[in-house]
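Hi,

Here is the structure I promised to pass along. Please have a look, and my notes come right after it.

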Amino acid sequence: MCKHVAAALYGVGVRLDENPLLFFELRSIDAERFIDVTLAGKVEAMLANENKPSDRNINDADTAELFGIWE
């Protein structure tokens with residue numbers, strides 16, 4: 001790779017590190033609207049699953065064993 005190309009890519013990387021929203025600006029995307037729409041979709045998906053049991057929950061007996069708490 002040419003050292004000039006590497007230097008240019010490094011410079012772009014530094015700018016994106018300083019302000020990641022520049023990526024959206026370069027793509028002509030309204031970042032605030034994109035974030036709002038994405039969050040709204042996630043909230044709707046989470047609420048749709050609110051009554052479904054999760055396998056990530058630890059029951060009381062397993063919690064007691066995990067932390068060495070005995071009644």
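Below is what I found, from the overall fold down to one surface patch.

This is a predicted model, where local features need pLDDT of at least 70, side-chain atom pairs count only at pLDDT 80 or more, and totals for chains, interfaces and linings use all residues. Residues are numbered from 1 along each chain as its sequence is written, and side-chain values use heavy atoms, with hydrogens and water left out.

The protein chain has 4 helices and 0 strands, in the order α-α-α-α (DSSP runs numbered from the N terminus: helices are H or I, at least four residues; strands are E, at least two). Its C-alpha trace spans about 65 × 30 × 20 Å along the principal axes. The radius of gyration is 23 Å, whereas a compact globule of 71 residues would be near 11 Å (taken over C-alpha atoms; the globule rule is 2.2 Å times the number of residues to the power 0.38).

Buried residues account for 6% of the 71 (buried is under 20% relative accessible area, exposed over 50%, partly exposed in between, with a 1.4 Å probe and protein chains only). About 7000 Å² is exposed in the protein chain, 58% of it from carbon and sulfur atoms (Shrake-Rupley method, 1.4 Å probe; for residues, only the protein chains shown count as cover).

L21 sits in the loop between α1 (3-18) and α2 (22-26). L21 is partly exposed, with a relative accessible area of 44%.

Happy to chat about any of this!

Best wishes
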